[in-house]
Amino acid sequence: MPNYEEHVLSGLVSYPFIVLLCGFLTSKVIPVELTPLSLIIGYAFYVLGSDLPDMDHPNALLHRGAKAIVAVLVGGVAYLNLAGSFKLGPPWLDVAVTWGVSALAALGAWYVFTLMMPNHRGVMHSLLFASIYGLLAFLTVEYGLRMRSGEALYVAIVSFCGYTLHLLLDREIKLL
Ligand SMILES: [Zn+2]
């Protein structure tokens, strides 16, 4: 069972083969665009994908890192929504109390994040999720970064490949 380092390192070093494959596809059937930006963003999505399935394991580095980021985001959003709701005295006291409640929301998110994850090597270790990851990558690059469709298509394909590389190394190739 490969760990975080093996998964990420395998992603880091195998990327040239994916570039080769996509370059070949470009010349044949699929109109992907290999521009410097799409290649670099594709590298990021590919390497992230090479460890992303282990998000479903509470001890995985990615799970623990993402949990902290999600908790901070929830705390920040809670503060934005609650700002001005407490009128207890001086403004500094109101701000401190608002952050007290926001921190509780962050704490809740911390635990809910782990509870909501599917079982380890369950649905997140599937080709269905590899496809969803590829689709999200496409939407991010096409509509979020407003890059060209051929570039987004390239990033989507390498994202799917990075995710699938993880499943291959885990020997857990299933459709769903
Ligand atoms: Zn795994």
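# Walking through a predicted six-helix model

Q: Leaving aside its neighbours within four places in sequence, which residues is Val97 in contact with?
A: This is a predicted model, so let's read it through its computed contacts. Val97 is found in helix H4. Once the neighbours within four places in sequence are set aside, the contacts of Val97 are Phe86 and Leu88.

Q: Is Val97 buried, partly exposed or exposed?
A: A buried residue needs 20 or more other C-beta atoms within 10 Å, and an exposed one has 12 or fewer. Val97 has 16 other C-beta atoms within 10 Å, so this residue is partly exposed.

Q: What distance separates the C-alpha atoms of Val97 and Ala137?
A: Along the chain, Val97 and Ala137 are 40 residues apart. In space, their C-alpha atoms are separated by 39 Å.

Q: At roughly what angle do the axes of helices H3 and H4 cross?
A: Two packed helices are described by the angle between their axes and the distance between the axes. Helix H3 covers residues 61-82 and helix H4 covers residues 91-116, and their axes come within 8 Å. The crossing of H3 and H4 is right-handed. As for the angle, the axes cross at roughly 145°.

Q: How many nonpolar residues does the contact of H3 with H4 have?
A: On the H3 side, the participants include Val70, Val74, Ala78 and Leu82, while those of H4 include Trp99, Val101, Trp110 and Phe113. Lys67 of H3 and Ser102 of H4 also belong to this contact. By class there are four polar residues and one charged residue, and the number of nonpolar residues is 15.

Q: Which domain is made of two segments of the chain?
A: The domain assignment places 61-116 in domain 2. The segments 4-58 and 120-170 are joined under one label, domain 1.

Q: How many residues of domain 2 are in contact with domain 1?
A: The centres of the two domains, taken over C-alpha atoms, are 32 Å apart. Domain 1 brings seven residues to the contact. By class, that side has four nonpolar, one polar and two charged residues. On the domain 2 side, the number of residues in contact is five.

Q: What is the radius of gyration of the chain?
A: The chain has six helices and zero strands, in the pattern α-α-α-α-α-α. Its C-alpha trace spans about 70 × 35 × 25 Å along the principal axes. For 176 residues the globule rule gives 16 Å, and the chain is well over that, so it is more spread out than a compact globule, with a radius of gyration of 20 Å.

Q: What percentage of contacts between residues at least 6 apart in sequence join residues at least 24 apart?
A: Of the 176 residues of the chain, 30% count as buried. Turning to contacts between residues at least 6 apart in sequence, the share that joins residues at least 24 apart is 73%.

Q: Where in the chain is Arg121, the non-glycine residue with phi near 60°?
A: The phi of Arg121 is positive, in a residue other than glycine. Arg121 counts as partly exposed because it has 17 C-beta neighbours inside 10 Å. Its place is the loop between H4 and helix H5 (127-144).

Q: Is Arg146 buried, partly exposed or exposed?
A: Arg146 also has a positive phi, of about 55°, although it is not a glycine. This residue is found in the loop between H5 and helix H6 (149-170). With 8 C-beta neighbours inside 10 Å, against a cut-off of 12 or fewer, Arg146 counts as exposed.

Methods: Residues numbered from 1 in each chain as written. Predicted model: local features only at pLDDT ≥ 70, side-chain atom pairs only at ≥ 80, totals over all residues. Axes fitted to C-alpha atoms, helices over the stretch in contact; angles between N-to-C directions. Helix = DSSP H or I, 4+ residues; strand = E, 2+ residues; numbered from the N terminus. Left-handed = near helix turned anticlockwise from the far one by under 90°. Contact = placed C-beta atoms within 7 Å. Nonpolar A, V, L, I, M, F, W, Y, C, P; charged D, E, K, R; others polar. Domains from an automatic or database assignment. Rg over C-alpha atoms; globule rule 2.2 N^0.38 Å.
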